[in-house]
Amino acid sequence: MQSAKKARIIVLLKQNITLSRMFSLLNSTFKLLRTKTFRRGAPNSGVIFPKENDMLIDIALLTGIVIHNLSRELSLMLDRKYGLGLDSSRFPTHVTLKQAFTFDGDIKDLAQVFDSFCLMTPPPILRYSGIEAVPGRNDTTIIWLDIVPDAALWNMHKLLLELLDRNCAVKPGDLDGDGWRFHTTLAQAVIDPYTLPAIIADAKQFINQLNSQATSAAMLITPPGRPEVPEESVSYRIQRLSGPF
């Protein structure tokens, strides 16, 4: 009888060791997956996990005070009326200038390129033209404000791509170039498709008021191994745009 009990205990111990190894393998696999870079959904909407030693970088225009205050008023109204949440309001109101990218070099080199870009770039006028709903991550929908892509914005986009490529070996992303969409995000949530027309109609009330000059830019950083979400990213550097008119 004792021998049977001992044999049963040995079998259980072996099973526990096997389970432990299995969970350890799963955990290692999950960590490995987190180090792969991937994107899903609309521009700047998918979760990106930087590689193990890479930072994730976003470079964006900061909107003026008028646009910031009106867009935050609009985000709050949409949250109260439709429950869209305020996660997208954690960052200052901004317009991303290129697709987010990973960087494993010296952050000082990147900061120098960012500073040069700001010195070469005059403050543009942001003109908002409409509201759009685009697919986001995890079955969410992004509500954003479309911006008229005028020559000044395209010149900024192309200059930034050129400076990053020449000085930091950062190549343009798949979404950069002629297909890039200039926009400001209002909200991101799981939204009933039947409520979308009402949400867009409410947001359109503000469009004609959303035109002003952007006078500064920001470089946002997501630390290595963290997902590109508002609660993980930090504003690393802000500079005024002081280029010739």
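What covers the buried residues of helix α4? In this predicted model, the covering elements include the strands β1 (55–62), β3 (101–103), β4 (125–135) and β5 (141–147), together with α3 (107–120).

The helix itself can be considered next. Helix α4 comprises the 18 residues 151–168, and at 1.5 Å a residue these should span 26 Å. The C-alpha atoms at its two ends are 25 Å apart, which agrees with that expectation. The buried residues of α4 are Leu-153, Trp-154, Met-156, His-157, Leu-159, Leu-160, Leu-161, Leu-163, Leu-164 and Cys-168. A general rule helps in reading such a list: an α-helix has 3.6 residues a turn, so residues three or four places apart point the same way. After α4 comes Ala-169, which has a positive phi, near 55 degrees.

Attention may now turn to charged side chains. The whole structure contains nine salt bridges, and three of them can be followed here, with the distances given from N to O.

One salt bridge joins Asp-202 and Lys-81, at 2.9 Å. Asp-202 belongs to helix α5 (residues 196–203) and Lys-81 to helix α2 (residues 65–82), so this pair ties together parts that are 121 residues apart in sequence. Are the two partners buried or exposed? Asp-202 has a relative accessible area of 11% and is therefore buried, because the limit for burial is under 20%. Lys-81, at 53% relative accessibility, counts as exposed, since that term applies to values over 50%.

Another salt bridge is formed by Asp-150 and Arg-127, whose closest N and O atoms are 3.3 Å apart. Asp-150 lies in the loop between β5 and α4, while Arg-127 lies in strand β4, so the pair ties together parts that are 23 residues apart in sequence. Arg-127 counts as partly exposed, with a relative accessibility of 41%.

A further salt bridge connects the side chains of Arg-181 and Asp-146, at 3.2 Å. This pair links distant parts of the chain, 35 residues apart: Arg-181 is in the loop between α4 and β6 (183–189), and Asp-146 is in strand β5. Arg-181 is partly exposed, with a relative accessible area of 31%, whereas Asp-146 counts as buried at 14% relative accessibility. Which residues are joined into one network by salt bridges that share partners? They are Glu-132, Asp-146 and Arg-181.

Note on methods: Residues numbered from 1 in each chain as written. Predicted model: local features only at pLDDT ≥ 70, side-chain atom pairs only at ≥ 80, totals over all residues. Heavy atoms only, no water. Helix = DSSP H or I, 4+ residues; strand = E, 2+ residues; numbered from the N terminus. Expected span 1.5 Å × (residues − 1). Buried < 20%, exposed > 50% of the residue type's maximum accessible area, 1.4 Å probe, protein only. Contact = heavy atoms within 4.5 Å. Salt bridge = Lys/Arg side-chain N within 4 Å of Asp/Glu carboxyl O.
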